[in-house]
Amino acid sequence: MEVNRVTNCATIRMGCTTIKSNEVDTYLICDPVIVKAVDKEVAEVGDNLTYTITIDNPSLVPLTNVVFRDTLDDNLNYVYESFQVNGMGKMPVIEGQTLSYTLAKSEPPSQVEIVFPARIAE
C-alpha cells in the first residue's frame, strides 16, 4: 500500500457524547517512478533504437523542476530534433553523450512520457 496522504482528526468526550473535530490532511511528496524501455533487443550497426521513458508522479501534489538525464552509450548517436515529451517535440540540452530536459511541472497523479531515438554508430 502506497501512502500519499495522512488524514487525522481529534475527538472530545463529554459524558455520553463524543464530538469529532474536522479532518486535516497532509499531502506527502512521493518519489517519482521512472521506467525505461527500448524497442529492439537485437539490432545492427546503423539501426535506430527508440527509447521510451515513463515518469509517474504518484503524489497528490505537483512535482516541479524535475531534471531528466540520460547518458547514451559511446556507441550511440542521438538523432537530433527527435526528442518528444508527451508527444510534443522538445529540445533537450545535449552535453557530450548526455541528454537532459527539465520538466517544469508534473501535476498529480500524472505520467510523463519521453521518447527519442539513437542510432548505433558504425
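In this predicted model, asparagine 86 is found in the loop that lies between strand E9 (84-85) and strand E10 (88-89). Phi of asparagine 86 is near 50°, which is a positive value in a residue other than glycine. Most residues other than glycine have a negative phi, and that is the background against which such a value may be read. The relative accessibility of asparagine 86 is 45%, so this residue counts as partly exposed.

A second asparagine invites the same kind of reading. Asparagine 65 has its place in strand E7, and its phi, near 55°, is again a positive value in a residue other than glycine. Because its relative accessibility is 56%, and the class of exposed residues begins over 50%, asparagine 65 counts as exposed.

A positive phi also appears in a hairpin, this time at a glycine. Strand E2 (residues 11-14) and strand E3 (residues 17-20) run antiparallel and are joined by four bridges. Within this pairing, arginine 13 stands opposite threonine 18 of E3. The hairpin of E2 and E3 has two residues between the strands, and glycine 15 takes a positive phi near 65° there.

The cysteines can be taken next. A disulfide is a covalent bond between the sulfur atoms of two cysteines. With a cut-off of 2.5 Å between cysteine sulfur atoms, the count of disulfides in the model comes to zero. As for their surroundings, cysteine 16 has a relative accessible area of 76% and is therefore exposed, whereas cysteine 9, at 29% relative accessibility, counts as partly exposed.

From strand E7, the path leads inward to leucine 63, which is found in that strand. Leucine 63 has a relative accessibility of 10%, and because buried means under 20%, it counts as buried. When its neighbours within four places in sequence are left aside, leucine 63 is in contact with Ile29, Cys30, Pro32, Asn57, Ala104, Lys105 and Ser106. Valine 24 offers a separate point of reference: leucine 63 and valine 24 are 39 residues apart in sequence, and their C-alpha atoms are 22 Å apart in space.

Leucine 63 also leads to the interior space of the model. The count of cavities of 30 Å³ or more comes to one, and the largest cavity holds about 40 Å³ of space. Its lining is formed by Pro32, Ile55, Asp56, Asn57, Leu63, Val66, Leu103, Ser106 and Val112. Strand E6 (48-57), strand E7 (63-71) and strand E12 (98-106) are the elements that give two or more residues to this lining, and the largest share, three residues, comes from E6. Sorted by class, the lining of the largest cavity has six nonpolar residues, two polar residues and one charged residue. Pro32, Asn57 and Ser106, which are among the lining residues, are also among the contacts of leucine 63.

Strand E6 deserves a further look through threonine 54, which lies in that strand. At 17% relative accessibility, threonine 54 falls under the 20% limit and therefore counts as buried. Not counting residues up to four places away in sequence, threonine 54 touches Val33, Ile34, Val35, Gln111, Val112 and Glu113. One of these contacts, Val112, also belongs to the lining of the largest cavity.

Conventions:
Residues numbered from 1 in each chain as written. Predicted model: local features only at pLDDT ≥ 70, side-chain atom pairs only at ≥ 80, totals over all residues. Heavy atoms only, no water. 1 Å grid on protein atoms, 1.4 Å probe; cavity = no way out; pocket = protein on both sides within 12 Å on 5 of 7 lines; lining within 4 Å. Points joined across faces, edges and corners; volume = space filled by probe spheres on them. Nonpolar A, V, L, I, M, F, W, Y, C, P; charged D, E, K, R; others polar. Buried < 20%, exposed > 50% of the residue type's maximum accessible area, 1.4 Å probe, protein only. Contact = heavy atoms within 4.5 Å. Pairing = 2+ DSSP bridges.
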